[in-house]
Structure formats: structure tokens, C-alpha cells
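Q: I would like to learn how to read strands, hairpins and buried side chains from a model. Can we work through a case together?

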Protein chains: 2
Amino acid sequence: MRKILLFAAITMVQWLMAQQQQSPNGEVMLTFALTAEGAPTYRVDYKHKPVIKESRMGFALKNIESFDRGFTVVDTKTTTFDETWQPVWGEESHIRNHYNELAVRLRQKNTGREMLIRFRVYDEGVGFRYEFPRQAELKYFVIKEELTEFAMTGDYKAWWIAGDYDTQEYDYTESRLSQIRTLHDKAVTPNASQTPFSPTGVQTALMMKTDNGLYINLHEAALVDFPCMSLNLDDKKMVFQAWLTPDPRGDKGDIHTPFSTPWRTVMVSDDARNILASRLILNLNEPCALKDTSWIHPIKYVGVWWEMITGKSTWAYTDELLLEPLNKVDYTKLKPNGRHGANNDNVRRYIDFAAKHGFDQVLVEGWNIGWENWHDYDFVTSYPDFDLKALNDYAHSKGIKLMMHHETSGEAGNYERRLSDAYKLMKVYGYDAVKSGYVGDLTPRGEYHYSQWAVGHYLYAIKEAAKHHLMVNAHEAVRPTGLCRTYPNLIGNEAARGTEFEAFGGSKPFHTTILPFTRLQGGPMDYTPGILETQVWYTNPDNKSWARSTLAKQLALYVTMYSPLQMAADLPENYEKFADAFQFIKDVPVDWQKSVYLEAEPGQYITIARKDKHSDDWYIGNTSNENGHSSQLSLSFLDKSKKYEATIYADAANADYEHNPKAYTITKQKVTSKSKLKLRAAKGGGYAIALRVMR
Amino acid sequence: MRKILLFAAITMVQWLMAQQQQSPNGEVMLTFALTAEGAPTYRVDYKHKPVIKESRMGFALKNIESFDRGFTVVDTKTTTFDETWQPVWGEESHIRNHYNELAVRLRQKNTGREMLIRFRVYDEGVGFRYEFPRQAELKYFVIKEELTEFAMTGDYKAWWIAGDYDTQEYDYTESRLSQIRTLHDKAVTPNASQTPFSPTGVQTALMMKTDNGLYINLHEAALVDFPCMSLNLDDKKMVFQAWLTPDPRGDKGDIHTPFSTPWRTVMVSDDARNILASRLILNLNEPCALKDTSWIHPIKYVGVWWEMITGKSTWAYTDELLLEPLNKVDYTKLKPNGRHGANNDNVRRYIDFAAKHGFDQVLVEGWNIGWENWHDYDFVTSYPDFDLKALNDYAHSKGIKLMMHHETSGEAGNYERRLSDAYKLMKVYGYDAVKSGYVGDLTPRGEYHYSQWAVGHYLYAIKEAAKHHLMVNAHEAVRPTGLCRTYPNLIGNEAARGTEFEAFGGSKPFHTTILPFTRLQGGPMDYTPGILETQVWYTNPDNKSWARSTLAKQLALYVTMYSPLQMAADLPENYEKFADAFQFIKDVPVDWQKSVYLEAEPGQYITIARKDKHSDDWYIGNTSNENGHSSQLSLSFLDKSKKYEATIYADAANADYEHNPKAYTITKQKVTSKSKLKLRAAKGGGYAIALRVMR
């Protein structure tokens, strides 16, 4: 760190001592300074150009003097950290965590209270957090507003979804920052639970691009015991302010010291691929908290799910009214509706299919009583046509596990009370992974999906699951912030618009060219790709939806949308229709030694190559927007000593996501590290390549 | 039931069919009628005079048409019920439940929705509730306001505490209804968590008296999964309206059909003793839900408690700041404050005392870490000077059990997450009863102590405790409504201003002449009587408080304040100072065969005789207000074939709660069922009598 005298760019900042810290490669520079009022500010430069202009920091507090000004610097400490750690699963088997740190201890003159701001400067950006040591006069306080700003230097292009306390299942909008206000209404599409809060509110991770070709990403890391942060844009000044999710009183954080906030993150690069390659979010999280992780493993699965999503079958067992409270209903006396998906025969069919094609697990939704009520699920009682023991036994006899499903209907309070019994039941029958869901407004009432209480709830479920050696894949929970480093049994989340929306009218064709820059920064997404029958009316004649994707692109997503948990979401009969294309889904690994980001431009295309964690095979995927994309790929990342057989699953020449989505070609050729491949993704298309070492 | 044509007393009620039901003895008459608008109303008469005038019923609903008018009667059903049941513990060993019922099924013309109102008419009053059957168009709804009214016929005298969503620890005010508004501000005294809601809001059970000498009591029974009801007075019309505790959104009930509300109760008599003798609230609750109740038993206990309440010792172990989060604090490295009450030596002293004097249990508060923080208690980790195993072993070796203490600091959400481990720990060490506490504002934030969620929380804890065969005594929880019939492991509650306030400046001398009419209607109170050293400065010189009670009255409370859980709250050394008076506390049973209410006038005096459940001995107690009271007691309730030795613990002639509280006499005399006793309670005094059968 160098202490220098800065001539302040803004009038209120005058001749002040500023503290700086640079990234290991020197390209990213963080500057901390106090204004004349003693208000903390920071600034981020990249290659000597401003990325974040001087921006205010601090908190407005409830009933006591705010942490926003009147500070002096007590001391500063700088440290360097460089370590390589091995994730339990991931995009690569070794992750380097290399940063320079600046810790600034501040004291507020009027109150004597102290606050520490810790900055970590990486080659790809900066993370910072606030720390509140235990102090006699600061044991407990309530946050009214976080004042952290992110001051942009211009009217950038952004890929954004509307800020909302309850959902992230929105389609992305690409626009200038100045256009957010105009486009915001249209960006808020219906959802089972939603609470937009401002006409210029957007969610993180927010991906932006400057006119100079700089890629900037704002997010947070290690969201624990704190409200989830969105951003609110002052679109005159082009300044984002942190916007925390309120509790039912409208407050924004109950803090008991000692406490550290989540990290606020600014990633920056002049190459979009570096954003994808960055592990900044994971690195800012605490190391693994679990001593034994041997029971955690990646999962490739099928499920009794898409048939309900498309409306072909139902979660509920009966269409009759349940006249009694759920715990008194005798389902055997009710008339089955004849369309219940989770019935013994159908589940056996999926088990057979999974076993035949080498999958690990079969998810079954709608197995448990209560779907008629959407209330007070007990998570332990199965419908009469779902034989819990027999089906698990059958699955195990074929080397398959069933995957548990806990839809809470948003009743997180009820879920907590029943969690222990629900997890115990899983162990009794041999389940080791659960998909949980939080569809609808939360209970306790007044809590939002992203409030401090709810954030605590999701982590509570993850920690309890770990005690039982269970893996969790939570849907409609808060967006991930890298906590899977600390709790690697969090093997998936939804927290974005997933493939299900392709059966609800469709998502924009560019959707999967953005998610890796945004949602996936925080951790894997259970995106449920693999809808090879993209035209949903072939699955259910009553559903006129169609996926905004070619068939080939559906295959590519297994590479471009990193997750240790990958579903083959389509129906068995649809996979049998496209058996040769399905082979890629069967072959593609779900855990990786290494990832190479070949091409990337948010909203346009992403091409990624990944090396299998357990072999020398490589896989490539490309996802492209509605304009398609031409790639010239150098395979120089391949092992120079090896030869590979490349199986290329590509859009046919006449393919097109709108009019001819299922036209694909499968070709094979021999390649080496010297090869170059010329490939073409159709409009809304993509390609997938398996590169198997030849022996 | 007789259907009669009533000429309506109020203009909007015209020639309508009314339904009536009378009590078994014919003295109480319930009339149900629809107004011309189809709004349901009820009315209660006693001995042919109106007690509750025609009063509206129904609910304002959120977003859908309210349940307030447009109804027609579909059908009515009348039944008679007469049964005698045996409580696990109680004021008597056999309870008769005898009522006539009227059930009115209503259909709302516009919506087709149905609602049922069920009335039960007892000799001492009426209970009614609303029932919502499952209907295709009414699976779920939200209550904005309960519209139930209780229309008084005049400006009655009332003994009331201020309506509040968070506390009931207020002193009573005696006033006319018309004076409530003026006196309300003064009635709201400071509390750790409090939310008064209206200048004419009062709590139930509300006790009133008409100028004609009629005693009227309004309360509710079987409060399950619903917000707690207070009452708001329209003091022009003298009409109370039900005022439900809101959820954080301001709504007043999430209802999933089928659902029945709690019972709204109106008790009435021209003899105040009948209100005390009534079991209407218990009878309106469901029968015992526990198959095995053999593990439930009354408890007489002492505790490491009053010494902290008076400020003589502390709950916390250290005065140092805990710099780390609680789970990382090493208490052995911190400096003890030297005043920690729950230390091994002191607890052993209480155990010795309990064993010597025949008590069952020793409560120990402040045994577990976290009192310095008042946050995030784990309920399983003891302070270094409290040896969990050794102390329990020591207690058990002397035939004593320790009583567990769980102070949640209002963090009910945290408590739920830790409940299972906390209860399991109790079983490991041999605890079978827990005192829980909810001091301070609740979390999840925005919930009130009496909200629907909180009501569900307390019952959840009781039910979970029952699974572990544990008894619960919850403080700062919602006021009881007879649920101890259904869950007799709920052996106590606070939910009113307890004896602790005598160390915080004192309660009014008439306090215990009101509680049996109000708070105790719903179930036993852990009032913690027995403060023989009424002048607190003899216990802690820094505390200038004094109990508004004579010493003799403290003894009487063991009879007048019924509870299966009775504490001898004072310090061992104080009991040794008054060993002869202490004998009554040692002798008095905590479970009864029979109770006879000899004298009663709310705000003035109560005299009760009770027969030991396990012998033929009787005990009498009298509590009197600041004016004192003279009794002429006939002992005709005694067994005619037996002779008794009466030991009379009375105020000395010159005793007085203000100036001479500890002047008492102990006299003995032989009595039979023909005897009459002339007794005098001093100002703020009382008397206690043990009547032992002579052999």
C-alpha cells in the first residue's frame, strides 16, 4: 500500500490522506478516503482508468447516530494472501485465492464507536465488507439503509432483471442504464410471489459493459445473517446504491456485534471471459465448514417433473376437495384424478430409464400428500399410489437413488418445524439429496424471500441437512453468493428463470448467454436443461409453448451452465425419440478438472471447454443468442501428447430456434491440440462437442 | 330450542326468524338472528334480563367479499351434552361439562360461501365460535378484522388492563367503562416489549360488574392457530368489538379451511363466586390429546431466581464484553463478576434446602451461556461454574429434580431451531419441566407476542415437549385459554403481572383479588408467591421495593391462586427467618379434589377452600385489598364425620401491608363441619388455614 496525497476530484473531498491497495498484477487499484465530513469513500480503477468513481460507504442506523460520517482512521493494515484450495466439486479442481488486503479501522468521533472496512483486491476486481467489533456501546443495532454506492463513470450497457424482494425469475433486459426506468414495468412479469421496490431497482449479479469495452460486474459474496442486497440506480448521476431487503417492520438488518457484513463485489476486465473465469465470489467465502465431505457428490438425474410442468400430469392425487385437515384426510377414500405423475408405475418407468442410461438419481415431485391444499405439508406422508419403501428398494436394486422433494409452498416456518422428521425419513429410505421449493409468499407473514430471516432459514436448512449428510438444491431461495464453498452440500439453487419457463411461454433466446455472467457467479444453478422436444405440444397437446432454443443448444447447456447437479429434464419418451443426441447428455460429466473460456460476450454467445475431473476427455459447449454465432476454435488447450475423437452435436444448416429447432447433425472427427474447429450456432442455437481421448 | 318471532329491538332488525337456545338450568338464554341485511347477530340474557344486547358477528376479509352480511340460514341444529371428565390436575378431580348447543349454518347469497356459528350455552354463560368448512371457493382467506361485538347494556364497572399486542404485565385499573379512555395512558406502564393499540383497548379475560350486581366476564377459549383477541370499546355506545392481534402485514388471520375459530366467551352470574367456580373455558377446549399422561405431575419448587430479580445476584457470569460470537467464547478465560447466582455452591444450597423441606424441584435461571449478550442462546451450554451433570446427580441423590430454564430473549425463531437439542439435553440429565421466557420484542421481526404466528409457536413448543414427556411453564407467552385441558403438560404460564413486580416497585394491593377472575380463567399462573420477606431491602439493600402484601397473604396465595406448579419464591435464608409461617407453604398441596368458593368480590376479596387431592385435609386462603376484609366462614363443606385441627396463619391485629406487613399469628383450634370461623384480613392482607383431619 502506498499512502499518497490525492487532489480530490469532488469538492467535498479536499486534501486528505487516502489509502490504496492494488491487485497482485497491479491492474486493479482500490482507493479508500474520508471526505472532509469524515464519510468513508472508495474508488476502483482498472489499468489506470476509473471503474467505480469515488463512492460513499456506510449505514443509516435506527434510533442511533448513523455510521455515515464523522469518522477518523484509527489505523490501516495491509496483507497479502495466496493460497490454492480444492473444492469438493467445481469448474476446476484447484482454485487460487490471491489478493492484497487493506483493512481500515475507523472511529466515529461523536460516538467513539468503531467500524472496520476490509478490502480485498484481486486481479479481477475488489471485494469489501464492513465489520463491527463488539463494543460496550455497540452490542446491538438496527440498519435503516445501507449507504454503499457504486458510482458508474457513464451510461453503460447492462443486462438486468428488475429488483424484487421475492423473485428472480425474470427474463433479462439489455439496455443502457438510462433506459432502465422506461423498461422496468415491462421487465416485471407475473410470478407466484413478487415485490418489486423501485422503478430503477435491479438485482445482482449485475453485468455491465462500458463503451470502452470494459466489463463490470456488481454482486455480493457470503450472504449470511443479513438481508440480500439489490441495487437502486440514481439515473441522473448513474450511481447505484445498495438496497437491502427489508424485514416486516421495514428495517434492513438486526445486527448483534461482533458482525461482518457480506462482501460487496466489483469485478472488472476488458475481456468478458475473465469474468467467467473469476473465482472472486467463491474466494471471498469462508473455507469449507464441514469436516467430512466424502458423502457429497455430483448428481446427474432425471425426474417426474417436466410432465407436470408442461401440464401433461399433475402433482396432486385427486381433484376432490379435502374436507378434513390434512392430517385427518384418508386419501384411500378419495377419487384419484387419474393424472397423478408420482404413481408407482410411472416412477418405476423413470427408474428403469435412469438405470438403463447411467443416471444417478430420479427426482419425484408430487409424492407427498397435500398438493390439493398447497398448505401445511408434512414432508413424510406419501400418496397412496406412491410406495415409499417399495420404490426406493426398487431404485436401489438398480443402482439408482430417488431424489427427495420438499415443496414448502412458501411456508418456511412450517418447514423448519418439520425439517428434522423430514430429513430423518430421507435417511430411513436412502435418499441423500433433496430439492426444496419456496413457491408463493413466505410465512411467517411479512417476510420476503430475500429478507434477513429468510436468508437465515435457507442456511439453517443447509446446515441441518449437512448434519444428516444430505445435499440440498433449493428453489425459490435467495440467489447464491458462493456459500457452496463453505457448505458444499449446497449442490444447487434455482434463484433465476429456469427451463420451466420454456413451458410457460418461453424465455428470451439470449437468456443462457447472460446467466453465467450473473446468476452463476454465486454458485451452480439447477437450470434443468435437456429439453430435446423443444415444441411442448408434442409432450402435452394443450400446451402451445416452445423453448427458445434449438435441440443442439440444449445439449451445450450441460457445459456452459456449470452445475454439479444436472438434470435431463425431458421425458423418457422424448429422449428415445432423439436417442443419438441424448448420447451427449449421457456422456457429459458433471464435475471438472479444468475449464477454459474460449469465447464470451454477454447477451451474444458463450463457448466453454471443460476437462472431465476423472479422465482426460474434454467437452465443449456453445450457447448463442437469436442471431446465432460463428466460432473458430483453437483446440490448443488439449493435451499435446494425445489424440481425441471429437463428436460434434451441431445445429443443422437450416436449423433455427423458431422454425426448425430440432434439426441437428452429429459428426465425428479426429482432433489434436493443433486442430482448429469452425462451427456455426444457428439462431437461438449452439453446439456441444465431446472430445474423447483415443487409446 | 324454540323458534320464536321476535319483535326487533333495533330498527334494522325487522320481522325475522330468530333461533334460541337456553342453558340447562334455563337461566341463560342465547338468541341468534339475522338482520334485514342478512348480518348475523347474537344476544345473551340472564334470568330474563339482557347481558349482551343484539351484537354483530362476522369478519371483514381481505380482497374478497366480507363475511358480514347477505347471509341466509341454511339450517340449524340443537344438541345437548352432559359429561364429566377428570383432569390430570386441577381445582377439582371431576369436571362436569354440561351445555345445550345451537349450530347455525349460514350461506352468503352473493358468494354461495358457507359459515357455521356454533353456540354452547352453559349455566354460567355462552361460548360461540365460527366454523369455515372446506369449500371450493373458500380454501384460503385472510381476515382483515373480526367484527364480533359485545354490546353492553350500560356503563359497567370493570377491572381492566390496557390492550397490548406484546404484554399483559400491567396493573389492573378499576373504573367505569366510560373512564377507560381517560385512565388508559396511566395504565400503560413500561415493559421490555409493549404495543398498546387503542385508547379504549383492553385485554381479556375482562371482568365487569353492572349496577344491578351482575358479574360479566368476556374471554376466549381454545386459542389455536389464530391471533389472540383483545377488545376495543366504543365508549359512546358501550360496545366492545373483538380486536385481533395483527401479523406483520397488518392482517389478522391467515385461514385455511376447514377451520374453527377460538370460542368467544361470555360468562354471567349474579354471584361472583360462580365466575370463579365455572369451568366454561376448560370445557370449551378439546379433551386431552395426549394418550399417556402418567408423566405429568404437579410441582412445588424453589429456585435460584428471586435473588436475581431483587438484584442481589446476576444471571450473567461476567461483566466483560464478549468479543467473539457466543459459540466461540471461552468463558473460562473471562473474569467472573463474582455475583453469578447459578454457581455450583449456591445451587447445591438450594438443592439442600429443597430436600430438607420436601420440595420437588429447584429452578435455576442463568445456568446457560449468553446472558451477557441477551442473544442467540443455545440452551445447551452451561456456564463454567454450573456443572450440569454433577448438580443434577447431586439433586437426584436427594430426591430432587432441577427445573430447566430457557430464556429466549424473545428470539422465538432461534428457539424453534434449537428446541429439539434443548429438549434432548433435558432428557439426558433428568429434567422433566422447563420454564421458558420471551422477554423483549419477538423475532422473527414484526411478530407480536400474541400474533397468529406466535400463538402457533407456543403450542408447537408444548407439543414438542409432550413428545419428550416434558412439562412447560411459559412466561411472556400468550395468555392461556384453557389449552391445558388438551395439553396438560402446559402446567403453567405467566401472562400477567407476577410477583416479580413486587421487586420492581410493587403491584396494587388488590391485584390478587382480580387475577382469579381474569388471568386464571384460562389456566394456572406461575405467580411465584411466598415472598415472606416482603421488604426487599432486607434481601438486597440496594432495592427499596416492597410487596403490597402482608406475610400472611403470601401464604394464602397458595390456595387462592390455583396452580399445579407453585413456587416458594423467596430465598432459603428468608424462609429460615420465618420458619413457622413457612410451614404452611411446606404443607399446602398443589392438586385438589374439590374447591369451594366461600367469598368473592373482584377488587376486594376472595376466600377459597380446597380439599387435598390425596387426603381429606382442607386448606383455606383469603386475599384482600387495601381495605382488608372480615370473614365469617361456615365450615359446612367439611366432612360431617370428621374432626379437624385448624392451623390459622393470620395477620396480626396491628398488621398492615404498608407499615407492618410481617406481623402474623399462628393459632390452632379444633373444628368440625359445624364450626364457624371469624377471621380478619389486614389492609392488603389475608389468611391461610390448614385443616388437618384428626385421627
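Q: How many residues lie between β30(A) and β31(A) in their hairpin?

A: A hairpin is read from two paired strands and the link between them. In this predicted model, 3 residues separate β30(A) from β31(A). Look at A:G603 in that turn: its phi is positive, about 85°.

Q: Which way do β30(A) and β31(A) run, parallel or antiparallel?

A: Direction is read from the bridges. Strand β30 covers residues 592-601 of chain A, and 8 bridges join it to β31(A) in an antiparallel arrangement. To place the register, take one pair: A:W592 sits opposite A:D612 of β31(A).

Q: What joins β31(A) to β32(A)?

A: Again, look at the link and then at the bridges. The link is a hairpin of 5 residues. The two strands are antiparallel, with 7 bridges between β31(A) and β32(A), the latter spanning residues 618-624. For register, A:I608 has A:G621 in β32(A) as its bridge partner.

Q: How many residues of strand β31 in chain A are buried?

A: Count along the strand. β31 of chain A runs over residues 605-612, and 8 of its 8 residues are buried.

Q: Which record annotation covers residues 591-691 of chain A?

A: Treat a record as a label, then check the coordinates. An unreviewed UniProt entry lists "domain: Glycosyl-hydrolase 97 C-terminal oligomerisation" for residues 591-691 of chain A. Over that range the chain is 58% strand and 0% helix. Its end C-alpha atoms are 16 Å apart.

Q: Why does A:H629 count as buried?

A: Burial is judged from relative accessibility. A:H629 is at 9%, and the cut-off for buried is under 20%, so it counts as buried. A:H629 is in strand β33 of chain A, residues 629-634.

Q: With which side chain does the side chain of A:H629 make a polar contact?

A: Check the atom pair first, then the surroundings. The partner is the side chain of A:E599, at 3.1 Å. Beyond four places in sequence, the contacts of A:H629 also include A:Y605, A:N622 and A:R680.

Q: Now chain B. Which side chain of opposite charge is nearest to B:K300?

A: For a buried charge, look for a counter-charge. For B:K300 the nearest is B:D587, 6.8 Å away. A salt bridge needs the atoms within 4 Å, and buried B:K300 has none. B:K300 belongs to strand β23 of chain B, residues 299-304.

Q: Which backbone oxygen does the side chain of B:K300 reach?

A: Backbone atoms deserve a look too. The side chain of B:K300 reaches the backbone oxygen of B:I585 at 2.7 Å. Among the other residues that B:K300 touches are B:F359, B:Q566 and B:V590.

How values were computed:
Residues are numbered from 1 along each chain as its sequence is written. Chains are lettered from A and ligands numbered from 1 in the order in which they are written. This is a predicted model: local features need pLDDT of at least 70, side-chain atom pairs count only at pLDDT 80 or more; totals for chains, interfaces and linings use all residues. Side-chain values use heavy atoms; hydrogens and water are left out. UniProt positions are given in the numbering used here, feature names are shortened, and annotations may be inferred rather than shown by experiment. Helices (H or I, at least four residues) and strands (E, at least two) are DSSP runs, numbered from the N terminus. Buried means under 20% relative accessible area, exposed over 50%, partly exposed in between (1.4 Å probe, protein chains only). Lys and Arg count as positive and Asp and Glu as negative; His and the chain ends are not counted. A polar contact is a pair of N or O atoms within 3.5 Å; within protein, one must be able to donate a hydrogen and the other to accept it, and residues adjacent in sequence count only if both atoms are side-chain atoms. Contact means heavy atoms within 4.5 Å. Two strands pair if DSSP finds at least two bridges between them.
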